[in-house]
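Colleague: Could you take me through one exposed spot in this model, and then work inwards from there? I'd love a close look that ends up in the interior.

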Amino acid sequence: MEVSNGIDNLVAARDILKSSIQKSRNIGISVVESGLRLTAARHNLASLQPDIKDMASKFAVHEIRDHVDRAIGPASSVLKALDLVYELQDSLSTHPPPLNLFIYLADIKRLLQALKLLSETCRLVITWLEDVVRILKNNAADHHLARVLKVVQLLVELQSFSNQGDGGVLYCAFNNLESEYKRRIETSCSSIQELQGIAEVMAANNRLAKCVHVHAESRIAKARATLQSLNLDYLDIRLSEIDSVQSVEVYINEWDKQMEFAVRNVLLKEYRLCSEVFQEFGSHVWMHCFAKIATECGFLDIFDFGTSVCKCKKEAIKLLSLLKVFSTLDRLRLEFNEMFDGEFCVKIQNRTRGLVKKVVDGACEIFCQLSAQVELQRASSPPSDGNVPRLVYFVTEYCNQLLEDENRSILSGALEIYQVWNQVKFEDGLLSNEIHSIMKAVEINLETWAQSYYDDNDDTALSYLFMMNNHWYLCNSTRGTKLGDLMGNSWLWAYAESTEYYQGLYMRESWEKLLVYLREEGLILFPGGRAIDRNLVKKRIAGFCEAFDEMCKKQSKWTLYDKALKWKTCQLIIEAVVLPYNSYLQRFMPESDMGNQYHVKYTGEKLEKLIGSLFQLKIAKYDSSSKFTDMIDIKNAAAA
């Protein structure tokens, strides 16, 4: 019964062996040098056939002869498989990967298959010889038993060798592949197919994690070098709540460009490379690889500058900076959604959400307080020269910037997001309504400041000149701008008309008062006669000139907004004062006295020159070098 079971096992094993031998014929050639153990094993196995044949001729037991006959074929297959392993090792040794990568990869695959076949064949032969050993033990054939046991031991060792690898050749081959992958991924000289081929072979030998690590570290170094080549010194600036955004305002546009470059020219490239190379291993593999690259290449250092801007103190100009940061994030939103999706990019996702929230909350908070902050400046003093306050310059330019197409769109989007997040409902047209509120606050401020000239100095003329100045500025500086379009033509016309109105009041309260010295009453000595009181004429002309000097002295410190307003005002003064003065001289002053400075201090021409020297323009008004910081600073600077 025992012998019968052994025969059945051999018959079944024979069929398996035939299939295994067929597999060995399909395996190609190549690999590295074989060690001494392989050579010894090969020679020992080579002696297997004569030993088994000798055993068959000497044994008289028919059952043992059959077992030995069936073991000869598989033993021969073991030798052939071992020869193939040896040849492939030699091929791997003589063909390093840089010469022909695909041949090298094919040889590694073939060597793995050959080792597998060798292991399976050894297992079959061992199985059959174990039956022989059992029979020999039952027949007390000690001499032959020792030889068979030796052969079995050799086969066991050979099977263990094939299961564990090939004694170092494969280990060296995989190390070579790692080095080659690193070289190719660093120099970008390889095709996607070549990188995929290396990754596939590495993965087949449980080395995918190592391949991914090599890929990530190499690309991190390359991406970091690319980003560091940019001018990133400003990233070392540390900002806090006491710092003005003006200290880094010049770098925000630079940051915008560098963010776009980092995302679209560096990270997106790395994202697609990871996806293409490791795609067949699943998104969890290549997304993990990309996430490591994105978080360690220095991109987050650039990204965090946006967060630093949010830390700056709350001020009006900070709103424009926050809108720029929001614009940058919004422009890159599609790339962010594509690249940073999934569990491996949670760190970047959280930072992005946090930055967006800080930008939206900060921008909306500043915007909704603008009109109230402008109102707070009402208690400050107006400019002593009647000029346009810096606050008015700032607000008009600031509102125009907010109404620029990009800023308006970004601010509207931020306001919508704020409503959703905080479950609040703003009224329709919030942006335009707030701008109207701001300009209304400016108008009331002007009226309050104009009144302060009268209340503090009883100077109604300066009060009217101040209103004339500012209404002229609001009308002419906003016409044709976004702010002017928003406020409407009726608003512009109203300021144009009010400019003329206050101009008339200014003339009435100042220069036209000089005409009292040019009155004709009392100059005729006798009713109906032609005789003129020359002394009274000279007295009145002297009084006029003295009053004119006082008026010029007082108004020489006053300022008009621009050349056009100055020219127009001077013309009004000449028409109101100089022309009547010339007429008065011609009618009541003898020609002999006209050139006598003792009798007539000023000619009409001299008066025109003096009037033209008034209201000198100030070059410095409001420019980028004198921007306001927070609204409290605006209050302090309103009178400047």
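**From an exposed spot to the core**

Modeller: Happy to! Asp-485 sits in helix α21, which covers residues 482-487. The model is a predicted one, and the values below are computed from it. With a relative accessible area of 58%, Asp-485 is exposed, because the cut-off for that class is over 50%. A partner far off in sequence is Leu-403: the two residues are 82 positions apart along the chain, while their C-alpha atoms lie 10.0 Å apart in space.

For some context, the protein consists of 640 residues, and 50% of them are buried. It has 27 helices and 0 strands, α21 being one of the helices. The exposed area of the protein is about 31200 Å², and carbon and sulfur atoms supply 50% of that. Among contacts with a separation of 6 or more, 81% join residues 24 or more positions apart.

Now let's move to Ser-510, in the loop that runs between α22 (489-509) and α23 (534-555). Ser-510 has 1% relative accessibility, and therefore counts as buried, the limit being under 20%. Beyond its neighbours within four places in sequence, Ser-510 is in contact with Ala-461, Met-551 and Gln-555. Met-551 and Gln-555 turn up again in the contacts of Trp-511. Leaving out neighbours within four places, Trp-511 is in contact with Tyr-506, Phe-548, Met-551, Cys-552, Gln-555, Ile-573, Val-577 and Leu-614.

That brings us to the interior. In soluble globular proteins, nonpolar side chains tend to be buried together. Here, the largest nonpolar core holds 166 residues, and Trp-511 is among the four that touch the most other members, along with Phe-278, Phe-299 and Tyr-506. Helix α10 (residues 249-278) gives the most to this core, contributing 13 residues.

Two residues of α10 are worth a look side by side. Leu-268 is in this helix, and it is buried because its relative accessible area is 8%, under the 20% limit. Not counting residues up to four places away, Leu-268 touches Val-263, Glu-335, Glu-338 and Met-339. Met-339 is 71 residues from Leu-268 along the chain, yet their C-alpha atoms are separated by 7.1 Å. Glu-276 is also in α10, but at 38% relative accessibility it counts as partly exposed. Its contacts beyond four places in sequence are Ile-192 and Gln-196. Ile-192 is 84 residues away in sequence, with a C-alpha to C-alpha distance of 7.0 Å.

Since you work with molecules, let me finish at the largest pocket, which holds about 390 Å³ of space. Of its 18 lining residues, Leu-232, Leu-235, Asp-236, Asp-301 and Ile-302 are the closest to the centre. Helices α9 (208-228) and α12 (299-311) each supply at least two residues of the lining, and α12 gives the most, with 6. By type, the lining divides into 8 nonpolar, 3 polar and 7 charged residues.

Note on methods
Residues numbered from 1 in each chain as written. Predicted model: local features only at pLDDT ≥ 70, side-chain atom pairs only at ≥ 80, totals over all residues. Heavy atoms only, no water. 1 Å grid on protein atoms, 1.4 Å probe; cavity = no way out; pocket = protein on both sides within 12 Å on 5 of 7 lines; lining within 4 Å. Points joined across faces, edges and corners; volume = space filled by probe spheres on them. Helix = DSSP H or I, 4+ residues; strand = E, 2+ residues; numbered from the N terminus. Nonpolar A, V, L, I, M, F, W, Y, C, P; charged D, E, K, R; others polar. Core = buried A, V, L, I, M, F, W, Y, C linked by side-chain atoms within 4.5 Å. Buried < 20%, exposed > 50% of the residue type's maximum accessible area, 1.4 Å probe, protein only. Contact = heavy atoms within 4.5 Å. Areas by Shrake-Rupley, 256 points an atom, 1.4 Å probe, with all protein chains shown as cover.
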